[in-house]
Amino acid sequence: MNTNTKTVILMGAALASVVAFGEEGVRWPLVTMRQMESTTFDKPTLEAMYAIHARHPGAVDEFWLADCEAKLRDVMTARARQIGGYAEASAKVGIIQGYQQGVTLGHDFSKRDETSWALPDDAWQIDRNGNRTGFPCPRSPAVQEMEETYAETYVREGKIESFWLDDDLRLGFCKRGVESCWCPRCLKALNERAKASFTREEAVKRLNSNAPEDPLRKIWAETRAETLAEFARAAARGARRANPKVRMAYQAISSATINSGEDNAAILEALSDGW
């Protein structure tokens, strides 16, 4: 890394910045440096990072510290406190102590261990063929509770000033057949918005037909966007309970390519709840 210039290590979306850093007096651009889980918990390496930026003030504005997926509350608390231990170092060199939740919905949760947060059988996304996947469904109250606790724990114990949701906040991240969730909750939401009574099979068949400009597709996109917003809303609730001034943001990418809605407005509005 060239510490004599502002090097953009990882780009966040401008739209996300509207929510996260829309306050008067904030300078642009915001340059962040993402620390992976391995770096965050490697004290000598992270201390060396702080030392570099202490020698070159202004090289970066924010560190994104990071950890893994949701674990048991006691496990998360202990890990988050390790992150909180860097708050003084961040303040000393003038760096915002940020946190990037790199595991949201787009990573397969099926490979779990005894320290993992437990989810009930009906908390998982269902693919177009009716099969349960390893991806949590954001409409599940259990998933919302998990995310709310996660955000609250890391913001409070990690002394976090800004909380970023990774761009894998999408349904069925790059997995064929999981372009949406077809669990009973999600199918009900689609039918309520469409004022219809589709079965999963009927909806899947119609949405995958060659009929031009089927109005159901727009309704489907809106339903998916609101599904993801449920997760963002849970994150905002938890984070702001821990720190009412925490800045919430989404590391957005083009929604046109990831079946998450027509745009990211629903997610950003959800992150703004309580601001």
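pLDDT is the predictor's confidence in each residue, on a scale from 0 to 100. The exercises below concern a predicted model.

**Exercise 1. Determine which part of the chain should not be read in detail, and how confident the model is as a whole.**

Solution. Begin with the whole protein: the mean pLDDT is 83, and 83% of the residues reach 70 or more. Next, examine the N-terminal stretch: over residues 1-25 pLDDT stays under 50. The model nevertheless has 52 contacts for residues 1-25 beyond four places in sequence. Where pLDDT is low, the predicted coordinates should not be read in detail.

**Exercise 2. State how many helices and strands the protein has, and describe the order and pairing of its five-stranded open sheet.**

Solution. The secondary structure consists of ten helices and seven strands. Five strands form an open sheet with parallel pairing, in the order β1-β2-β3-β6-β7. The edge positions belong to β1 (32-34) and β7 (247-250); each has a single partner strand, so one side of each lacks a neighbour in the sheet. On average, and with direction ignored, neighbouring strands of this sheet are turned by 25° against each other.

Two pairings can then be followed by residue. Strand β3 (residues 96-101) pairs with strand β6 (residues 162-165) in the parallel sense, over four bridges. Here Gln-101 stands opposite Leu-165 of β6. Strands β6 and β7 also run parallel and are joined by four bridges, and Trp-164 has Ala-249 in β7 as its bridge partner.

**Exercise 3. Establish which way the side chains of β7 point, and whether they are buried or exposed.**

Solution. In a regular strand the side chains alternate between the two faces of the sheet. In β7, Arg-247 and Ala-249 point one way, whereas Met-248 and Tyr-250 point the other way. For burial, the cut-off is a relative accessible area under 20%. All four of these β7 residues are buried.

**Exercise 4. Identify which strands helices α6 and α10 touch or lie across, and locate Leu-271.**

Solution. Helix α6 (residues 141-157) lies across β2 (62-67), β3 and β6, and runs at about 145° to β6. Helix α10 (residues 265-272) also packs on the sheet, where it touches β6 and β7; the directions of α10 and β7 make an angle of about 165°. Leu-271 lies in helix α10. Because its relative accessible area is 0%, Leu-271 counts as buried. The C-alpha atoms of Leu-271 and Ala-249 are 6.9 Å apart, although 22 residues separate the two along the chain.

**Exercise 5. Describe how α6 packs against α4 and against α9.**

Solution. Two packed helices are described by the angle between their axes and the distance between the axes.

1. Helix α4 (residues 73-84) packs with α6 at an angle of about 35°, the axes being 7 Å apart. This crossing of α4 and α6 is right-handed. Contributors to the contact include Met-76, Ala-80 and Ile-83 of α4, and Tyr-150 and Tyr-154 of α6. By class, the contact of α4 with α6 has five nonpolar, four polar and four charged residues.

2. Helix α9 (residues 215-242) and α6 cross at roughly 35°, and their axes come within 7 Å. The crossing of α6 with α9 is right-handed. Among the residues in contact are Val-143, Ala-151 and Val-155 of α6, together with Phe-231, Ala-234 and Ala-235 of α9. The contact of α6 with α9 divides into eight nonpolar, two polar and seven charged residues.

Conventions:
Residues numbered from 1 in each chain as written. Predicted model: local features only at pLDDT ≥ 70, side-chain atom pairs only at ≥ 80, totals over all residues. Heavy atoms only, no water. Pairing = 2+ DSSP bridges. Helix = DSSP H or I, 4+ residues; strand = E, 2+ residues; numbered from the N terminus. Axes fitted to C-alpha atoms, helices over the stretch in contact; angles between N-to-C directions. Contact = heavy atoms within 4.5 Å. Left-handed = near helix turned anticlockwise from the far one by under 90°. Nonpolar A, V, L, I, M, F, W, Y, C, P; charged D, E, K, R; others polar. Buried < 20%, exposed > 50% of the residue type's maximum accessible area, 1.4 Å probe, protein only.
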